[in-house]
Amino acid sequence: MDDDALRAWSVSVRYPGQPEPALADVSLSIGPQALTVALGPSGCGKTTLLNVLAGFVPPSQGRVTLAGAPITGPGADRAVVFQHDALLPWLDVRDNVAFALELQGVGRRERHARAEALLAEVGLAHAARQPVWTLSGGMRQRVGIARALASPSRALLMDEPFGALDAFTREQMQTLLLEVWRHSGRRIFLITHDIEEALFLATELVLMSPGPGRIVERIEPGFSRRWLAGEPVRALKSDPAFIALREHLLDTLARHRQANDKETA
Amino acid sequence: MPSVFSSALPGLTGLSAPRWRLRLRHPLTLGLFSVALLWLIWQIAAGSGWIQPLFLPAPQAVLAKLALAAGQGFMDATLWQHLAASLSRIGLALLAAVAVGVPLGLAMGVSPVLRGLLDPLIEGYRPVPPLAYLPLIVIWCGIGELSKVLLIFLAMLAPIVLSATHGVTRVSPSRLRAAQSLGASRRQLLWRVVLPTALPDILTGLRIGLGAGWSTLVAAELVAATRGLGFMVQSAAQFLVTDMVLAGIVVIGGIAFVLELGLRALQQRLCPWHGQQD
């Protein structure tokens, strides 16, 4: 057992007025070097799971811990990157990143220097003084990632961060995320409904199904480590093993959907 | 054939229009055109003799009266003294309405309990015409300056409070949660996330409030005033000096419009992201 892990222990969440729980008996362990991806269709509870790990939603049953300490609310040790609307449009790119440092009481000069270094890391050194509302979707997500890296977080929790991006930008962001993951050494928990994205990024992939939201399968794809070792993205995504896993996941999801449909009928 | 967009959003058609057409469609050009057209219609209507000067004096007569009021004065005060009296009342009322309305609106936006308690009161008094509660204010506060400023203040307060409340409710949960996950305290969330997000709405509330304040000015200056643009207009109306009535209306409209333009420019400067993709 990894004592330094971010862990969900038999977590269930039931929202008031809902007939069935959004999450039922979910256990998960995200180790210090892990990039865990929760994959599933809408309504499978993956956002609820992220909200529980972030401390935004308290579990109805079970508990969440980070390095053994209970999580009772949001905190700077778990930075969250959202798909939309999370940046501060009245600040420029550098100040958005520096905002995380300002909240920690870092002095102006130092936080600007550190923000610029982080922007260079995500390929946005040239846009430091641009207003964020003039940026493209992909650039905004880079700012969001740089800002999360500026916090003293031990985990990055990412809520479908690339869901609104076009296919080309999405693939660029996926490889950028892997670089960031390698350099920062932080654990990442990412949720997505994109099977290829999940397979490519995850060191551990948890497949979730609705009615109630639960984990139905766990696999360790390993393609991210192969990309970091130098294999090209396209070669990996057209690898027979990648395609076979993709088909397997699609088939599993379809079977669970059919089973759920039968139950509700 | 015009597209759906060109009929629904005429500004979009300008994207491919020649430069001279773009200039013609500039808001300033269009605004000047509408003012010039109104002036022309007024000139024709007054100059043709269709309408007696008692009911509609010619524009030049109004301008002459304005010059007279500026130089020699009207009702024991020059135009500038009337203007200063009105502007000080509007300014004081605006300061008080911002000082009370913005924090109250923010608090109502943050606290559903406070919103539940105060919303019926504010929404209840908001549609009541200021003239309806003017006698009550005179009974409570007398006929001094306080009554006049209070009446304008009350007209301004409701739109400022409601706009600030609405601004707070527009803060996206993602933005709040992202800031929380970066370690923002409750106070930091309010000052660094909620207030700047609500700022465009607060400024819109100020614009609406200022408009309401100007429209209440005449009623406020019914209360034993000796100076003020509203007082000037009422006095002129009592003596059927129609050109002075129109001169007062032109000044009130002009000043209110200039202040509105100033607030719009401030909004554009402070919140350039507003209305953009954010």
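So, chain A has 9 helices and 10 strands. And before I go on, keep in mind that this is a predicted model.

How does that chain pack overall? Its radius of gyration is 19 Å, and the globule rule gives 18 Å for 265 residues, so chain A is as compact as a globular protein of that length. If you lay it along its principal axes, the C-alpha atoms fill a box of roughly 60 × 45 × 35 Å.

Okay, inside and outside. Of the 265 residues in chain A, 55% count as buried. On the outside, the chain exposes about 11100 Å², and carbon and sulfur atoms supply 51% of that.

What about contacts along the sequence? Take the contacts in chain A between residues at least 6 apart: 69% of them join residues at least 24 apart.

Charges next. Chain A carries 29 positive and 30 negative side chains. The centres of those two sets lie 4 Å apart.

Now let's zoom in on one helix, H1 of chain A, which runs over residues 46–54. Is it mostly covered or mostly open? Mostly covered: 8 of its 9 residues are buried. The buried ones are A:Lys46, A:Thr48, A:Leu49, A:Leu50, A:Asn51, A:Val52, A:Leu53 and A:Ala54. So you'll notice a lysine, A:Lys46, on that buried list, along with leucines such as A:Leu49 and A:Leu50. Then just after the helix comes A:Gly55, with a positive phi of about 90 degrees.

Second stop: A:Thr203. Where is it? It sits in the loop of chain A between helix H6, 195–201, and strand S9, 204–209. Buried or exposed? A:Thr203 has a relative accessible area of 12%, and the cut-off for buried is under 20%, so this threonine counts as buried.

And who touches A:Thr203? Leaving out residues up to four places away in sequence, there's A:Ala34, A:Leu35 and A:Thr36, then A:Trp181, and also A:Ile219, A:Glu220, A:Pro221, A:Ser224 and A:Arg225.

Last bit, cysteines. How many disulfides does a search of the whole structure find? The count is 0 over all chains. Over in chain B, two cysteines are worth pointing at on the screen. B:Cys141 has 28% relative accessibility, so it counts as partly exposed. B:Cys271, on the other hand, has a relative accessible area of 2%, so that cysteine is buried.

Methods:
Residues numbered from 1 in each chain as written. Chains lettered and ligands numbered in written order. Predicted model: local features only at pLDDT ≥ 70, side-chain atom pairs only at ≥ 80, totals over all residues. Heavy atoms only, no water. Helix = DSSP H or I, 4+ residues; strand = E, 2+ residues; numbered from the N terminus. Rg over C-alpha atoms; globule rule 2.2 N^0.38 Å. Buried < 20%, exposed > 50% of the residue type's maximum accessible area, 1.4 Å probe, protein only. Contact = heavy atoms within 4.5 Å. Areas by Shrake-Rupley, 256 points an atom, 1.4 Å probe, with all protein chains shown as cover. Lys, Arg positive; Asp, Glu negative; His and termini not counted. Charge placed at Lys NZ, Arg CZ, Asp CG, Glu CD. Disulfide = S-S within 2.5 Å.
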